[in-house]
Amino acid sequence: MKKIDKLKRKWKRKLNKKLSQAKVLGKRTIMIIFIIVVIFTFLYTFIHLKSSRYDGLGDKLEYEESPYNMDYLYTGNEGKIYDDGTYRSRRGIDVSVFQGDIDWEKVKQSGVEFAMIRLGFSSSADGEIHMDTKFKQNLKGAKAAGIDVGVYFFSQATTTDEAIKEAKYVLKHIRFKGVKYPVAFDMEPVDKDDRIKDLTRAEKTAIADAFCQVIKNSRFEPIIYGNPTWLRKNIDLGYLTDYDLWLAHYTDATEFSGKFVMWQYTDSGRIDGIDGYVDQNLYFED
């Protein structure tokens with residue numbers, strides 16, 4: 001019996017030692033987890049605040065001139081094609097709720113390589129942000145068909161704070177969603193009574209810069225959309241040299257002098273898988 005009692009006491013001491021060690025280890029584990037959470041919270045807050053901060057317009061610079069020679073642009077069975085030996089084009093479209101339900105497999109088979117999808121817009125009446133009701137469907141369908149995707153947001157922001165809010169809304173819905181192509185800022189007049197009618201050129205420039213700066217700080221590629229008149233007269237490109245341009249110019253061969261990486265050359269294209277007209281685009285890459 002004494003031997004058994006002695007063994008019991010020995011096992012009890014060992015058990016207590018193990019339990020004590022486990023408690024210490026548990027406390028250390030909890031402390032490590034706590035420290036990791038604090039560090040990640042700090043980093044997330046720092047990055048979030050940094051990406052959402054707008055520092056104002058920088059120095060004015062010369063905007064790069066277009067490197068393209070339209071003699072190398074030709075029209076094939078599937079639309080315009082550009083190849084000058086240095087730059088070549090990829091074929092794309094941009095879509096929104098107005099294209100209805102899209103058969104993305106047919107779109108892919110027609111030769112479309114990328115799609116710019118409208119994520120949302122702010123109201124021209126009150127600035128309230130809305131998601132395009134076909135955005136999620138279009139994003140899922142295009143990606144499933146193997147088409148590269150970018151997004152665009154139609155802005156009616158009247159301040160840089162509103163532009164930042166719009167950019168943050170866009171980022172919320174594209175993080176980890178496989179968006180490889182640019183994130184476009186699209187500001188256009190809607191009617192004579194829209195929110196942006198009284199904005200100065202300088203104000204529009206700052207608003208575009210604020211949106212694009214937030215997008216760029218979050219590791220996405222911003223791009224500014226506009227037709228030649230808008231890009232020349234409504235914003236000052238000299239303050240926006242950090243961003244690429246998406247030119248909207250419905251013509252056989254544009255003579256726009258600034259460098260653009262994307263060209264929306266028609267709003268009356270026809271593509272298998274889409275009922276009605278659709279905008280067609282070229283993306284220039286070297």
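## Parallel strands and buried polar residues in a predicted chain

Tyrosine 152 has alanine 184 of strand β7 as its bridge partner, in a model that is predicted. The two strands concerned, β6 (residues 148-155) and β7, run parallel and are joined by five bridges. Between them the chain passes through helix α4 (residues 160-174), and the resulting β-α-β crossover is right-handed.

### The chain as a whole

The chain contains six helices and 11 strands, and 44% of its 286 residues count as buried. Its accessible surface comes to about 16,600 Å², with carbon and sulfur atoms accounting for 53% of that area. Among the contacts between residues at least 6 apart in sequence, 65% join residues at least 24 apart.

### From β7 to β10

Which residues of β7 point one way, and which the other? Val183, Phe185 and Met187 point to one side of the strand, whereas Ala184 and Asp186 point to the other, and all of them are buried. In a regular strand the side chains alternate between the two faces of the sheet. Because five of the five residues of β7 (residues 183-187) are buried, the strand is largely enclosed by the rest of the structure.

Strand β7 is also joined to β8 (residues 222-226), by four bridges and in the parallel sense, and here phenylalanine 185 has isoleucine 224 in β8 as its bridge partner. Together with helix α5 (residues 201-217), these two strands make a right-handed β-α-β unit.

Four bridges then join β8 to β9, which again run parallel, and β8, helix α6 (residues 228-234) and β9 make a right-handed β-α-β unit. Strand β9 is mostly covered, with four of its five residues buried. The pairing continues to β10, since β9 and β10 are linked in the parallel sense over three bridges. One bridge pair for each of these strand pairings is set out below.

| Strand pairing | Residue | Bridge partner |
|---|---|---|
| β6 and β7 | tyrosine 152 | alanine 184 |
| β7 and β8 | phenylalanine 185 | isoleucine 224 |
| β8 and β9 | tyrosine 225 | tryptophan 246 |
| β9 and β10 | alanine 248 | glutamine 264 |

### Glutamine 264 and the residues around it

Glutamine 264 lies in strand β10 (residues 262-269), where its bridge partner is alanine 248. Is this residue buried or exposed? Its relative accessible area is 1%, which is under the 20% limit, so glutamine 264 counts as buried. The side chain of glutamine 264 makes a polar contact of 2.9 Å with the side chain of aspartate 94. When neighbours within four places in sequence are left aside, the residues in contact with glutamine 264 include Asp94, Tyr225, Trp246 and Ala248, as well as Asp279, Gln280 and Asn281.

### Nonpolar cores

The largest nonpolar core has 65 residues, and Ile93, Trp104 and Phe211 are those with the most contacts inside it. Helix α5 supplies the largest share of this core, eight residues. Beyond its neighbours within four places in sequence, isoleucine 93 is in contact with a set of residues that includes Trp104, Val107, Val112, Phe114, Ile271 and Ile274, and also Asp279 and Asn281. Another core, of 12 residues, lies apart from the largest one, and Phe114, Tyr181, Tyr225 and Tyr283 are among its members.

### Asparagine 138 and threonine 251

Asparagine 138 is in helix α3 (residues 135-144) and, because its relative accessibility is 0%, counts as buried. Leaving aside neighbours within four places in sequence, asparagine 138 is in contact with Val95, Ser96, Ile102, Trp104 and Ile117; Trp104 is also one of the residues with the most contacts inside the largest nonpolar core.

Threonine 251 is placed in the loop between β9 (244-248) and β10. At 26% relative accessibility, a value between the limits of 20% and 50%, threonine 251 is therefore counted as partly exposed. How far apart in space are threonine 251 and tyrosine 265, C-alpha to C-alpha? The separation is 6.1 Å, although the two residues are 14 apart in sequence. Not counting residues up to four places away in sequence, threonine 251 touches Lys80, Trp263 and Tyr265.

Definitions and conventions. Residues are numbered from 1 along each chain as its sequence is written. This is a predicted model: local features need pLDDT of at least 70, side-chain atom pairs count only at pLDDT 80 or more; totals for chains, interfaces and linings use all residues. Side-chain values use heavy atoms; hydrogens and water are left out. Buried means under 20% relative accessible area, exposed over 50%, partly exposed in between (1.4 Å probe, protein chains only). Two strands pair if DSSP finds at least two bridges between them. A crossover is right-handed if, with the strands pointing away from the viewer, the path from the first strand over the helix to the second runs clockwise. Contact means heavy atoms within 4.5 Å. Accessible areas come from the Shrake-Rupley method with a 1.4 Å probe; for residues, only the protein chains shown count as cover. A polar contact is a pair of N or O atoms within 3.5 Å; within protein, one must be able to donate a hydrogen and the other to accept it, and residues adjacent in sequence count only if both atoms are side-chain atoms. A nonpolar core is a set of buried Ala, Val, Leu, Ile, Met, Phe, Trp, Tyr and Cys residues joined through side-chain atoms within 4.5 Å.
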